[in-house]
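Got your viewer open and your mouse ready? Let's go for a walk, one selection at a time.

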There are 2 protein chains.
Amino acid sequence: MKAVGIIAEYNPFHNGHAYHIAQAKKITGADLAVVVMSGNFVQRGEPAILDKWERTDLALQAGADLVVELPVFYAVQPGHLFAAGAVEILQALGVQDLVFGSEHPDVDFMDLAKQAQAIESEGQFTDRTQTFASAYAQQLEEKTGFTLEDPNDILAFSYAKAVLQSGKEMALHPIGRLQAGYHDQTFADDQEIASASSIRLALHKGKFDKIKNVVPEATWSALTTKPNTLDFEKPFFELLRYRLLTDTVGQLGQVYQMAEGLEHRLAGVAAAVEGPQSYQSFIKSVKTKRYTFARIQRTLLYTVLNIKVDQMQAAMADSYIRLLGFNDLGQAYLSAVKRQARLPIISRVDTGLAKANLRLDYKAGQIWQLLSGQSQVKVGQDLGRKPIYRQEGE
Amino acid sequence: MKAVGIIAEYNPFHNGHAYHIAQAKKITGADLAVVVMSGNFVQRGEPAILDKWERTDLALQAGADLVVELPVFYAVQPGHLFAAGAVEILQALGVQDLVFGSEHPDVDFMDLAKQAQAIESEGQFTDRTQTFASAYAQQLEEKTGFTLEDPNDILAFSYAKAVLQSGKEMALHPIGRLQAGYHDQTFADDQEIASASSIRLALHKGKFDKIKNVVPEATWSALTTKPNTLDFEKPFFELLRYRLLTDTVGQLGQVYQMAEGLEHRLAGVAAAVEGPQSYQSFIKSVKTKRYTFARIQRTLLYTVLNIKVDQMQAAMADSYIRLLGFNDLGQAYLSAVKRQARLPIISRVDTGLAKANLRLDYKAGQIWQLLSGQSQVKVGQDLGRKPIYRQEGE
């Protein structure tokens with residue numbers, strides 16, 4: 001059985017994602033698609049709109065055959081770690097082809113990664129006035145003539161670097177995106193493909209009719225009936241302020257990616273009378289040129305989740321394959337590769353696991369539920385949950 | 001100038017408190033009353049209904065001449081530490097008479113304290129199946145024939161012990177209470193004196209008309225117009241659950257008075273799906289025989305305030321006299337004793353103090369404001385606040 005790998009967030013799952021899965025199978029001639037999907041929090045440091053189970057179910061209904069979780073300690077990370085964590089899981093499952101979207105599908109990203117490695121070994125990344133990414137891109141452009149600036153290209157490049165660093169074979173298949181650009185904030189009424197961010201924006205504006213055209217019916221139904229975190233900013237900001245007011249700067253300084261005295265600035269702004277009254281204005285008032293918006297958001301999420309440097313490092317060194325859902329094909333594939341899997345496969349979480357390896361995902365799930373504003377939660381995100389099973393085409 | 005000392009919470013200030021101040025001056029022949037009052041949190045581990053400034057103002061309007069804060073690291077403590085902290089402040093201000101309520105005003109509490117000291121030095125407190133207080137009371141009863149069981153008697157006894165241990169002279173004046181018992185939960189429509197706890201209960205039931213009879217008009221007006229924490233339980237429980245879900249048990253274990261693995265029980269109950277859905281039911285589900293309700297509530301408050309053992313110990317060793325308000329008499333007294341004061345006198349808090357000695361009170365003030373549910377706070381509890389000045393009889 002040949003599997004093709006996809007790395008995704010599905011926040012939320014839309015028509016472009018369904019197309020991507022179909023294309024991935026088609027161009028690689030794969031029997032099934034294995035998806036590594038961010039869990040309850042996504043890379044830009046926000047809670048996923050729908051929880052990981054809903055998003056898994058939607059993916060299974062639209063062509064995915066096996067969905068595993070990208071643990072929070074890799075999902076909420078800068079691109080290179082996000083990519084490294086996802087590639088590690090796909091490789092551990094024996095997947096040897098990776099299909100991803102790119103603004104420049106003709107570029108040889110593996111070659112680009114090799115050129116970058118050469119630059120790195122020359123150690124020319126010393127200009128600290130630029131963000132790491134832009135310093136990188138500039139050097140790479142001088143060397144290759146290709147400008148690494150579009151979001152999917154940057155991610156594609158990260159995948160290539162991760163594969164290169166893994167030392168294992170994995171074929172890379174960039175594919176072009178239909179219509180929607182990653183950063184497009186609007187879409188026309190007759191469009192059937194829109195970017196996830198434009199869909200989120202439309203959701204925030206309550207334009208549910210418009211969204212109906214760009215997502216599968218099952219997504220639309222889930223978005224309108226299931227618990228979601230569309231209004232996460234208010235409760236998130238309350239928890240963040242509370243945390244910043246009650247922890248010492250010494251404690252805050254141990255939070256993952258809290259660097260260069262950021263903890264002092266955060267604590268100061270949080271304590272200010274007449275300080276920012278919303279999460280967005282808070283971010284603006286602590287942001288400096290040095291940090292990207294996403295980097296700040298991730299650090300604030302680590303702060304709310306109270307993830308310390310040592311915990312993050314320990315977790316990344318001890319990853320796993322958490323099964324979220326599969327159909328018969330996916331299950332058959334799992335049975336075939338199980339014995340050679342290079343990471344532990346976890347299908348159910350008990351209290352022991354919840355306190356050990358799984359504890360960051362477990363905590364993330366509980367905070368996701370807090371942020372979704374459900375006053376009474378009858379089922380947790382992890383303890384006792386079984387992977388979702390769906391028959392193909394169901 | 002002769003001053004009489006009073007130790008109080010004024011939660012809220014009622015007619016019994018006004019009577020107490022008048023009696024205190026009368027029986028000691030004092031020129032003025034110096035009150036040490038709990039700040040924004042009270043001994044049983046709850047936020048004070050009105051903030052410390054409102055309560056100070058009400059006390060000044062009803063006979064107090066100088067009000068200083070009992071810092072949170074003494075205010076939210078078992079009786080013996082509460083008493084020790086308050087007595088230390090009064091003595092530091094040169095106060096040599098203390099008037100307090102008691103169910104048995106004829107008892108010589110200083111003698112009782114001396115008897116207790118003898119028992120202690122014999123080291124007979126080894127029965128760990130009883131709470132410390134009840135073991136104490138039993139031994140004392142065998143020795144003196146007096147049963148130490150009523151709440152004001154127990155507090156009076158704590159004051160006597162604190163004075164004894166201070167090694168400084170201070171005359172103790174127990175006075176009987178009018179009508180209301182400390183634990184009375186109801187009061188009649190024609191009563192003019194009611195216990196603070198029965199008033200709080202009536203407040204919760206929204207019986208504002210009834211309360212009108214038992215509190216000064218100024219209290220009634222403040223209770224109906226100023227920010228308060230009558231509905232603190234819901235936001236408090238949210239912060240508590242969030243804290244318990246995101247800190248490791250190792251971090252929780254460092255919280256002041258977290259003993260005998262309580263942190264594991266707290267974390268377990270907080271994480272349980274279908275666990276307790278209110279603060280009261282949460283307390284019930286973690287309480288064991290060994291701990292009093294107040295002890296548990298205090299520990300949960302330390303948890304929400306994130307006060308660690310080492311911080312508490314450092315703070316108690318470094319107390320201060322924080323001025324909350326005075327009239328001309330109080331100001332004159334302050335001028336007279338200032339030079340000999342045995343603790344630093346603080347009249348304004350700047351950012352330096354807020355980060356140093358005052359940081360626990362500063363943090364407590366910010367959390368009080370969070371719990372009072374004010375969406376936008378224009379004035380903080382500490383930074384830049386001046387003591388309240390009121391002309392006598394104003």
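Start by selecting helix H2 of chain A, residues 52-61, and then show what surrounds it. The buried residues of H2(A) pack against two helices of chain A, H1 (15-28) and H10 (217-225). They also pack against four strands of that chain: E2 (32-38), E3 (66-70), E6 (321-326) and E8 (388-389). Keep in mind as you click around that this is a predicted model.

How many of the 10 residues of H2(A) are buried? Nine of them are, so call this helix mostly covered. Colour A:Lys52, A:Trp53, A:Glu54, A:Arg55, A:Thr56, A:Asp57, A:Leu58, A:Ala59 and A:Leu60 to see the buried set.

Now look at the two ends of the helix. At the start of H2(A), pick A:Asp51: one of its side-chain oxygens comes to within 2.9 Å of the backbone nitrogen of A:Trp53. After the helix you run into A:Gly63, which has a positive phi, near 120°.

**Stop two: a charged pair under cover**

Stay in H2(A) and show the side chain of A:Lys52 along with that of A:Glu69. These two meet in a salt bridge, 3.0 Å from N to O. A:Lys52 sits in helix H2 of chain A and A:Glu69 in strand E3 of chain A, 17 residues apart, and the pair links distant parts of the chain. Is A:Lys52 buried or exposed? It has a relative accessible area of 0%, and the cut-off for buried is under 20%, so A:Lys52 is buried. A:Glu69 counts as buried too, at 1% relative accessibility.

Hop over to chain B and select B:Arg322 and B:Asp382. They form a salt bridge whose closest N and O atoms are 2.6 Å apart. B:Arg322 is in strand E6 (residues 321-326) of chain B, while B:Asp382 is in the loop between H19 and E8 of chain B, so this pair ties together parts that lie 60 residues apart in sequence. Both B:Arg322 and B:Asp382 are buried. Back in chain A, select A:Lys52, A:Glu69, A:Arg322 and A:Asp382 together: salt bridges with shared partners join these four into one network. Over all chains, a search of the whole structure turns up 30 salt bridges.

**Stop three: where the chains meet**

Give chain A and chain B their own colours and zoom in on the interface. Here 31 residues of chain A are in contact with 31 residues of chain B. About 2,500 Å² is buried between the two chains, and carbon and sulfur atoms give 49% of that. Which three residues of chain A supply more of the area that chain A buries against chain B than any other three? Select A:Tyr242, A:Leu245 and A:Thr246, which supply 23%.

Next, try the polar side of the story. Between chain A and chain B there are 20 residue pairs in polar contact. Want to see which elements of chain A take part? Helices H11 (233-246), H15 (293-305) and H19 (359-371) of chain A each give two or more residues to the side that touches chain B. By class, that side of chain A has 12 nonpolar, 11 polar and eight charged residues.

There are four salt bridges across this interface. One to click on joins the side chains of A:Lys378 and B:Glu274, at 3.3 Å from N to O. Another joins A:Glu274 and B:Lys378, at 3.2 Å. That pair crosses from the loop between H13 (262-271) and H14 (279-286) of chain A to the loop between H19 (359-371) and E8 (388-389) of chain B. A:Glu274 and B:Lys378 are both exposed.

**Stop four: into the core**

In soluble globular proteins, nonpolar side chains tend to be buried together. Here the largest nonpolar core has 200 residues, and A:Phe282 and B:Phe282 touch the most other members. Select A:Phe282 and show its neighbours: among the residues it touches are A:Phe237, A:Leu240, A:Val269 and A:Pro276. There is also a second, separate core of 35 residues, including B:Ile6 and B:Met37.

**Last stop: one asparagine**

Finish at B:Asn15, in helix H1 (residues 15-28) of chain B. Its relative accessible area is 19%, so with a cut-off of under 20% B:Asn15 counts as buried. A polar atom of the B:Asn15 side chain lies 2.8 Å from the backbone oxygen of B:Glu192. B:Asn15 also touches other residues, including B:Ile193, B:Asn213 and B:Pro216.

Technical notes:
Residues numbered from 1 in each chain as written. Chains lettered and ligands numbered in written order. Predicted model: local features only at pLDDT ≥ 70, side-chain atom pairs only at ≥ 80, totals over all residues. Heavy atoms only, no water. Core = buried A, V, L, I, M, F, W, Y, C linked by side-chain atoms within 4.5 Å. Buried < 20%, exposed > 50% of the residue type's maximum accessible area, 1.4 Å probe, protein only. Contact = heavy atoms within 4.5 Å. Buried area = accessible area lost by both parts, 1.4 Å probe. Polar contact = N/O pair within 3.5 Å; in protein donor to acceptor, adjacent residues only side chain to side chain. Nonpolar A, V, L, I, M, F, W, Y, C, P; charged D, E, K, R; others polar. Lists of a residue's contacts leave out its neighbours within four places in sequence.
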